[in-house]
Amino acid sequence: SSDVCSSDLLEALAGDTQTLVLESDSALTIGGTLPGSLSVIDASGVAGEFAATVTDIPEAGLTFTAGSDATALNLESLVAGENTSLTAEPDAEFALTIQGDVDLSAATLANVDTVEFGGQNGVGEAHSLTLNMGQLNAIGIENIALSDPSVVGTLNLEGLDDQPFNAGDLN
């Protein structure tokens, strides 16, 4: 079975809610966009697949902890600063979907398995992701893909001053 939370949950979270701790013994999908006031989203108590969308991160940052099974986090047009972390347990599947221009280069990323440009709602559009070289090495270029051949995905790399790399590895 699958729990789908949308308007009721999002309405309850409206305002200055800063912490969201989720628990479910089955799959949980939050339909709609989580409020930008949240500085903590903890989905580690979700035993099934978890899916959510984030379009805004508070100035103080966001601490996101993925579910214990498979997590699909959709990130839309945002910049994540150094006080932001997106993490998962090593055995969990953690997938990011990028829509619009997303900059994660200053954020802490841990155990991100895949990155997809576009997703279901971004077909036929251009999307960009900015990472630092350490993040790219951790995710692996082979784990970054387009959701559809009509998607234009741009990967920007920052902080290469002191990090040697082989451009051939990026093909």
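Visitor: Which strand gives the most to the lining of the largest pocket?
Guide: In this predicted model, local features need pLDDT of at least 70 and side-chain atom pairs 80 or more, while totals for chains, interfaces and linings use all residues. Residues are numbered from 1 along each chain as its sequence is written, and side-chain values use heavy atoms, without hydrogens and water. A pocket is an open set of points on a 1 Å grid over the protein atoms alone where a 1.4 Å probe fits, with protein on both sides within 12 Å along at least five of seven lines, and lining residues have an atom within 4 Å of a point. With four residues, the main contributor among the strands (DSSP runs of E, at least two residues, numbered from the N terminus) is β7.

Visitor: Which elements give two or more residues to this lining, and which residues lie nearest the pocket's centre?
Guide: The lining holds 14 residues, and the elements that supply two or more of them are β5 (50–54), β7 (70–79) and β9 (93–103). Nearest the centre of the largest pocket lie T53, N74, T97, Q120 and N121.

Visitor: Which are the edge strands of the open sheet of five strands?
Guide: The sheet has the order β2-β4-β6-β8-β10 with parallel pairing, where two strands pair if DSSP finds at least two bridges between them. Those that pair on one side only are β2 (19–24) and β10 (108–110).

Visitor: What is the bridge partner of T63 in β8?
Guide: Strand β6 (residues 63–65) runs parallel to strand β8 (residues 85–87), and three bridges join them. In β8, T63 is partnered by S85.
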